[in-house]
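Q: Please take a close look at one helix of this chain and at what surrounds it. Place it in the wider fold as well, and include any individual residues that can be described.

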Amino acid sequence: HQGLATGFDLGKRFHSAPVVRLADAKPMHLGHCIEADARFRVFVFAPQGDTGAPGGAVAQLCDWLAQGVDSPVRRHTAPSENTDAVIDVRAVFQQAFRDLDHAAMPALLRPAVGRYGLCDYEKVFCVDHHRSEDIFALRGIDRHQGCVVVVRPDQHVGHVLPLQARAELAAYFAGILKVRG
């Protein structure tokens with residue numbers, strides 16, 4: 001499915017691009033928001049018009065990842081760990097930050113983490129419309145369909161998938177990680 005994100009070549013380093021973090025409207029580079037901390041990253045690039053609302057492609061994928069019996073997040077994360085301890089899910093939307101509501105995002109993109117169960121506000125991003133550098137254009141991401149980009153712990157692209165490819169996503173992680181959930 002490389003055609004869904006031609007700028008994220010399988011096996012090559014995950015190349016950063018400018019985005020805006022939704023929670024605080026902070027311009028940043030997407031690749032700089034992740035650390036080399038042994039976690040896999042799943043970047044969900046929303047299709048055109050998707051705002052994260054229930055029933056949309058992003059919300060449906062996040063609901064499955066959070067609750068599905070065959071979800072790799074549930075299968076490979078111990079019940080005592082934070083939801084994102086092994087697989088960290090983040091989303092990038094095509095709208096400007098003023099057109100989206102962080103509180104309306106799927107719960108998986110606003111997890112309660114850490115000792116005190118505080119909301120993680122650093123999982124939802126938007127296109128930076130103030131610059132001419134749009135991540136969807138820079139990285140050849142299909143605007144109509146969106147896609148999922150899996151980034152390995154070494155920060156190289158492991159897989160590019162359609163948003164509906166749940167079985168393929170689960171199979172990818174099943175070939176690498178132990179069942180812990």
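A: What follows starts with the last helix, moves to its packing partners, and ends with the whole chain and a few single residues.

The model is predicted. The part chosen is helix H4, which spans residues 166-174. Its buried residues are Leu 169, Ala 170, Tyr 172 and Phe 173. These lie on the same side of H4, because they cover an arc of only 155° around the axis.

The cover over that side comes from several elements. Among the strands, S3 (40-45), S4 (87-93), S8 (147-151) and S9 (157-161) help to cover the buried residues of H4. The helices H1 (57-67) and H2 (72-75) are also included in this cover.

Helix H1 can be described in the same terms. Its buried residues are Val 58, Ala 59, Leu 61, Cys 62, Trp 64 and Leu 65. They pack against H4, and also against S3, H2, S4 and S8. S3, H2, S4 and S8 thus appear in the surroundings of the buried residues of H4 and in those of the buried residues of H1.

For the setting, the protein chain holds 4 helices and 9 strands. Along the sequence they follow the pattern β-β-β-α-α-β-β-β-β-α-β-β-α. Of the contacts with a separation of 6 or more, 68% are between residues 24 or more positions apart. Among the 181 residues, 50% count as buried.

The overall dimensions are as follows. The radius of gyration is 15 Å, which agrees with the value near 16 Å that a compact globule of 181 residues would have. Along the principal axes, the C-alpha atoms fill a box of roughly 45 × 35 × 30 Å. The chain exposes about 8,500 Å², and carbon and sulfur atoms supply 50% of that area. As for charge, the mean positions of the 20 positive and 20 negative charges are 5 Å apart.

Some single residues remain, beginning with those linked to the elements above. Gln 155 is in the loop between S8 and S9, two of the strands that cover the buried residues of H4. Gln 155 has a positive phi of about 65° although it is not a glycine. Its relative accessible area is 13%, so Gln 155 is buried.

Ala 25 also has a positive phi, near 60°, and is likewise a residue other than glycine. Ala 25 sits in the loop between S1 and strand S2 (26-29). With a relative accessible area of 24%, Ala 25 is partly exposed.

Gln 2 belongs to the segment before strand S1 (18-21). At 25% relative accessibility, Gln 2 counts as partly exposed. Leaving out residues up to four places away in sequence, Gln 2 touches Phe 8, Asp 9, Leu 10 and Val 160. From Gln 2 to Cys 62 the C-alpha distance is 22 Å, with their positions 60 residues apart in sequence.

Lys 123 lies in the loop between strand S6 (118-119) and strand S7 (124-127). It is a lysine with 1% relative accessibility, so Lys 123 counts as buried. Beyond its neighbours within four places in sequence, Lys 123 is in contact with Asp 84, Asp 88, Val 89, Arg 90, Ala 91, Leu 108, Leu 109 and Pro 111.

Conventions: Residues numbered from 1 in each chain as written. Predicted model: local features only at pLDDT ≥ 70, side-chain atom pairs only at ≥ 80, totals over all residues. Heavy atoms only, no water. Rg over C-alpha atoms; globule rule 2.2 N^0.38 Å. Buried < 20%, exposed > 50% of the residue type's maximum accessible area, 1.4 Å probe, protein only. Contact = heavy atoms within 4.5 Å. Areas by Shrake-Rupley, 256 points an atom, 1.4 Å probe, with all protein chains shown as cover. Lys, Arg positive; Asp, Glu negative; His and termini not counted. Charge placed at Lys NZ, Arg CZ, Asp CG, Glu CD. Arc of directions from axis to C-beta.
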